[in-house]
Amino acid sequence: MSCHKSIDVDFIIGTLANGGAERIVSNIVNYLPDNIHKRVILFGEEAKEDYSCNSEIIYLDRERNQGIIKKLSLFLKRASIIKEHKKNNPTLRTISFLEYPNILNLYSYRNGKTIISVRNHMSTKHKGLKGLMWKFSIRFAYKKADLIIAISKGVKLDLVKNFSINSDLIKVIYNPLDTELIKQMADESINYEYSKIFKNPVIITTGRLTDQKGQWHLIRALKKVKSKIPDAKLVILGKGNLKIYLESLAKGLGLADDVFLLGFQDNPFKFIKNSSVFVFPSLYEGFGNVLIEAMACGIPVISSDCPSGPREIIAPDENIEGRIEYNIDKNRYGILVPVCDGCKYSAEVPLAPNEEFLADRIIEILENKELHQYFSDRSKCRSQDFSIGTLIREWEDIILNLPNS
């Protein structure tokens, strides 16, 4: 790697707020060396900078995508601006994150070097007519990239098997996390208004309140947990369109005073550190940043064995395909449970088998102090494998050494 080579890189993402991908872009930009000149390109009505970013910020627009004609017009406008800039900078690398920015980036794939980051299990994520359109775009457009960065082996496998993308075009780089900063932020005091919650055993999860994250299964599992641990509480950090449903479900289960939806928090880590266990009930993922973040906070983690990411984090020595045993295995770095079925049950419906299983594992980790301490220690150990100091070198390598022709 040449330490003296200087190069320009544009990072394309809608916003630097609210999400795991957005936090990762901030981490990458802040830790890349000074000989890489960085710009971050934002767009849309939600474009803002909640995460610090040591780079030039460009706002393409702050307009709202509303209506088919408006969406198409905005896409062409944004793509044209990016294309023109790439044409004027033939050695420019453009790196995009998430589906819409990836398609924007690929619109001008013949100019500069086009790198896209795929951050989810794409064959699982998209459903219905809209899903078919996305899958068509992925199958035919993603092959135009100069390089695809997959955030897990499972994501890479999905692209190869379900979208016929050449394996050689895809490089796996795990999400780099600033684990030292996470630990510092975790030591901050919890706001007084929330402090009483954390005098109890707290189960916590974070993520957007969307179908993908499956938080309702955790709320339902809490009912059984409380039959064994009456003072247990559940804290959910994040915002999204399922908030009303989740609140209604908690009320219907008689858990209105035990489930706390605290919205998006600038510092989720102080809440995680003061909790008893982090539970990740996602139906599908690309990787699962928040699992590593929770591990860095030093608490045990329980995760669904969803496609893809959690198994690679918790059981890195096990095959990412095929069946595994869902026993408590001390060779792992946390506890894996089978994925729930994704059905939005009403409060009156008895727990589904996998919700029962999830509840039993939570009870076990909360009641067994020795097991709790063991997996707390395992969490801290595993989180170091994803420190940004290690993984940023892989990003630096692809940026500096991707051929210009």
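Start by selecting Phe-11 and showing its surroundings: beyond neighbours within four places in sequence, Phe-11 is in contact with Val-25, Ile-28, Val-29, Leu-32, Lys-38, Arg-39, Val-40, Ile-41, Ile-95 and Phe-97 (contact meaning heavy atoms within 4.5 Å). Keep in mind that this is a predicted model, where local features need pLDDT of at least 70 and side-chain atom pairs count only at pLDDT 80 or more, while totals for chains, interfaces and linings use all residues. Residues are numbered from 1 along each chain as its sequence is written, and side-chain values use heavy atoms, with hydrogens and water left out.

Now add Ile-148, Leu-159, Phe-278 and Trp-395 to the selection. Together with Phe-11, these residues touch the most other members of the largest nonpolar core, which has 93 residues. A nonpolar core here is a set of buried Ala, Val, Leu, Ile, Met, Phe, Trp, Tyr and Cys residues joined through side-chain atoms within 4.5 Å; buried means under 20% relative accessible area, exposed over 50%, and partly exposed in between, with a 1.4 Å probe and protein chains only. Helix H16 gives the most to this core, with seven residues. Apart from that core lies another, of 36 residues, including Leu-246, Leu-261, Tyr-284 and Ile-362.

Switch to a cartoon view next. Helices (H or I, at least four residues) and strands (E, at least two) are DSSP runs, numbered from the N terminus, and two strands pair if DSSP finds at least two bridges between them. Look for the open sheet of seven strands, paired in parallel in the order S3-S2-S1-S4-S5-S6-S7. Strand S3 (56-59) and strand S7 (170-172) stand at the edges with a single partner strand each, so one side of each has no neighbour in the sheet. On average, neighbouring strands of this sheet are turned by 25 degrees against each other, direction ignored. Axes are lines fitted to C-alpha atoms, for helices over the stretch in contact, and angles run from 0 to 180 degrees between N-to-C directions.

Zoom in on strand S1 (residues 7-12) and strand S4 (residues 93-97), which pair in the parallel sense over four bridges; Ile-12 stands opposite Ser-96 in S4. Then select 388-401: this is helix H16, which packs on the sheet and touches S1, S2, S4, S6 and S7, its direction making about 140 degrees with that of S4.

Just after S4, stop at Leu-98, in the loop between S4 and helix H3 (99-106). Leu-98 is not a glycine, yet has a positive phi of about 85 degrees.

Move on to the other sheet, also open, in which six strands pair in parallel in the order S10-S9-S8-S11-S12-S13. Its edges are strand S10 (259-263) and strand S13 (335-337), each with a single partner strand, so one side of each is left without a neighbour. Strand S12 (residues 301-304) is joined to S13 by three bridges, with Ile-302 facing its bridge partner Ile-335.

From S12, follow the chain to the loop before helix H13 (310-314), where you will find Ser-308. The peptide bond joining Pro-307 and Ser-308 is cis, with omega about -10 degrees.

For the last stop, select 215-228 and 243-252. These are helices H9 and H10, which pack at an angle of about 10 degrees with their axes 10 Å apart. They are therefore roughly parallel, the term for angles under 35 degrees (over 145 is roughly antiparallel, 65 to 115 roughly perpendicular and the rest oblique). Show the side chains: Gln-215, Trp-216, Ile-219 and Arg-220 in H9 meet Tyr-245, Leu-246, Leu-249 and Ala-250 in H10.
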